[in-house]
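Open the model in your viewer and keep the selection box at hand. Each stop below says what to select and what is there.

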Amino acid sequence: MPSLQQSAGSGKAAKFVQANPFGPMADPFAGMGDDEKEYHKQLSDNINKRMEDSISELQERHAKGTNELDDPDRAPTGSAYKVHAQMKREKMMEERRRREEMQRLKALKEDAKSIFVDKNNENDEDNDGFDNKDNDGFDNDSDDSDDDEYNDLLNDSNAELEAIRERRIREMREMQMKKAEQKSLGHGEVRTITQDEFLPECTGKSEWVAVHFFHKEFNRCTIMDHHLKLIAPKHLSCKFLRMDAEKAPFFIHKLCIKTLPTLIVFREGKNVERLTGFEGLIIDPSEPDKWHTGRLEQWLASTGAIQYKVPTEEIKEEMRRMGIRP
């Protein structure tokens, strides 16, 4: 039976085979020498291996749910990125401080200008009885002198504003240095200490120290800890510590502590005041454990350990409206 396929030697099929652009893909190493073939084969195998390894790594990450994580040194959470982000934040903060300072200086200048204008208005009222026609030349001279006086006032104001600005910057720098020093001493948080650390902590460089003597199984001690943790970051003038009463029998006996929780305030190492239980903090006797942090802040302020301003009646009313007990 004769074949239905045409011979590739002639006709359209032969032309297609000769002009087929996909022919080299069947044998990519055709026409190369042995050395060149070996080189290209190694290169191809190396590329294929790296691609297979990358695919395997992606599959492994996807299986672990970490397919979006990257190397810490190259990812957006890397050290270089953190430094850049910190510099950017500092630049934005500096720009914001500069804008606020410019607005403040502008407001002071406007105040000075308004005072000057009011003064001119008073002078104009005093001169209403003069004939305008007879005083045309005087008015022009007065305008010039007013401009000169206003410029002098602005120049004087600029010098005063610059002095105010320098003083404010100096005060802010001193406040930042003091804040850094206080944090280095352990202020700004509630730390648990041992019996051996008690004396060095209370008699060190910190002027004010408040120590909470607690028992881990007493619910009221937990409540006291909760309020102290809210107070400590806001009032850096005082260092807040806590010590387990079970592990400090010597100081429990020495300080005559018989009720827990007990909060003792020290100034320069001397016992100046103590709070036994929730004495003076309770708002409703039927709910002795429900009192707000401001009550404890007020007591600490009465000892001198912190600075706290008692809310006014308007603020108390707003707190009641918001469901907060003043």
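**Stop 1: His 215.** Select His 215 in this predicted model. Is it buried or exposed? His 215 has a relative accessible area of 12%, under the 20% cut-off, so it counts as buried. Its place is the loop between strand S2 (208-214) and helix H7 (219-231). Now show its contacts, leaving out residues up to four places away in sequence. His 215 touches Cys 221, Glu 246 and Leu 260. Two of the next stops start from that list.

**Stop 2: Cys 221 and the cysteines.** Move to Cys 221, one of the residues that His 215 touches. Cys 221 has a relative accessible area of 1% and is therefore buried. Then pick Cys 256 for contrast. Cys 256 stands at 54% relative accessibility, over the 50% cut-off, so it counts as exposed. How many disulfides are there? The count is zero.

**Stop 3: the loop between H8 and S4.** Stay on Cys 256. This residue lies in the loop between H8 and S4. Check its backbone: phi is positive, about 55°, although Cys 256 is not a glycine. Most residues other than glycine have a negative phi, and most peptide bonds are trans. Next, select Leu 260, another contact of His 215, together with Pro 261. A cis peptide bond joins Leu 260 and Pro 261, with omega about 5°. Pro 261 is found in the loop between helix H8 (249-254) and strand S4 (262-267).

**Stop 4: Glu 268.** Go on to Glu 268, in the loop between S4 and strand S5 (270-276). What is the sign of phi here? Phi of Glu 268 is near 55°, a positive value in a residue other than glycine. Glu 268 has a relative accessible area of 60%, so it is exposed.

**Stop 5: Glu 201.** Now select Glu 201, in helix H6 (residues 198-202). Why does Glu 201 count as buried? Its relative accessibility is 16%, and buried means under 20%. Show side chains and look for Lys 239. The side chain of Glu 201 makes a polar contact with the side chain of Lys 239, at 2.7 Å. Widen the selection to everything in contact with Glu 201, leaving aside neighbours within four places in sequence. That brings up Arg 191, Ile 193, Val 209 and Leu 241 along with Lys 239.

**Stop 6: the largest pocket.** Turn on a surface. The largest pocket has a volume of about 550 Å³. Of the 15 residues that line the pocket, select the closest to its centre: Glu 94, Arg 97, Glu 101, Ile 169 and Met 172. Colour by helix next. Helix H4 (79-126) and helix H5 (136-184) each supply at least two residues of the lining. Which element gives the most? H4 does, with eight residues. Then colour the lining by residue class. Nine lining residues are charged, five are nonpolar and one is polar.

**Last stop: the whole chain.** Clear the selection and zoom out. The protein chain has 10 helices and five strands. Of its 326 residues, 23% count as buried. Finish with a contact map of pairs at least 6 apart in sequence: 66% of these contacts join residues at least 24 apart.

How values were computed. Residues numbered from 1 in each chain as written. Predicted model: local features only at pLDDT ≥ 70, side-chain atom pairs only at ≥ 80, totals over all residues. Heavy atoms only, no water. Helix = DSSP H or I, 4+ residues; strand = E, 2+ residues; numbered from the N terminus. Buried < 20%, exposed > 50% of the residue type's maximum accessible area, 1.4 Å probe, protein only. Polar contact = N/O pair within 3.5 Å; in protein donor to acceptor, adjacent residues only side chain to side chain. Contact = heavy atoms within 4.5 Å. 1 Å grid on protein atoms, 1.4 Å probe; cavity = no way out; pocket = protein on both sides within 12 Å on 5 of 7 lines; lining within 4 Å. Points joined across faces, edges and corners; volume = space filled by probe spheres on them. Nonpolar A, V, L, I, M, F, W, Y, C, P; charged D, E, K, R; others polar. Disulfide = S-S within 2.5 Å.
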